[in-house]
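Work through the exercises below with the structure in view. Try each task before reading its solution.

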Amino acid sequence: YWGAMPPPGAADIKKILSSAGIEIDDGVLSKVMSELEGKDVFEVIAEGKEKLSSVPSGGMASGGR
């Protein structure tokens, strides 16, 4: 949690996403929220960054033309 604020609920997340023009399926949102329940957001971000660092991100080789 951030300070004394409670964690955001599904309605909060939908409101944030819709403000950016993003729609999300209720079932998908429910699954994501249940998987993140009780986890620290900063730890989740750190784990994600660690996983992304192992993904190759080099460009494709040119065709030589």
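Three exercises on salt bridges and surface exposure follow.

This is a predicted model, in which local features need pLDDT of at least 70, side-chain atom pairs count only at pLDDT 80 or more, and totals for chains, interfaces and linings use all residues. Residues are numbered from 1 along each chain as its sequence is written, and side-chain values use heavy atoms, with hydrogens and water left out.

**Exercise 1.** Find the partner of aspartate 26 in a salt bridge (a side-chain nitrogen of Lys or Arg within 4 Å of a carboxyl oxygen of Asp or Glu).

Solution. Step one: the partner is lysine 14, with the closest N and O atoms 2.5 Å apart. Step two: place the pair; aspartate 26 is in helix 2 and lysine 14 in helix 1 (residues 10-19), 12 residues apart, so distant parts of the chain are linked (helices are DSSP runs of H or I, at least four residues, numbered from the N terminus).

**Exercise 2.** Locate the salt bridge between lysine 31 and glutamate 35.

Solution. Step one: the N to O distance is 2.5 Å. Step two: both residues lie in helix 2, four residues apart, about one turn of the helix. Step three: by the rule above, the count comes to two salt bridges.

**Exercise 3.** Classify lysine 31 and glutamate 35 as buried (under 20% relative accessible area), exposed (over 50%) or partly exposed (in between; 1.4 Å probe, protein chains only).

Solution. Step one: lysine 31 has 51% relative accessibility, so lysine 31 counts as exposed. Step two: glutamate 35 has 45%, so glutamate 35 is partly exposed.

How values were computed. Helix = DSSP H or I, 4+ residues; strand = E, 2+ residues; numbered from the N terminus.
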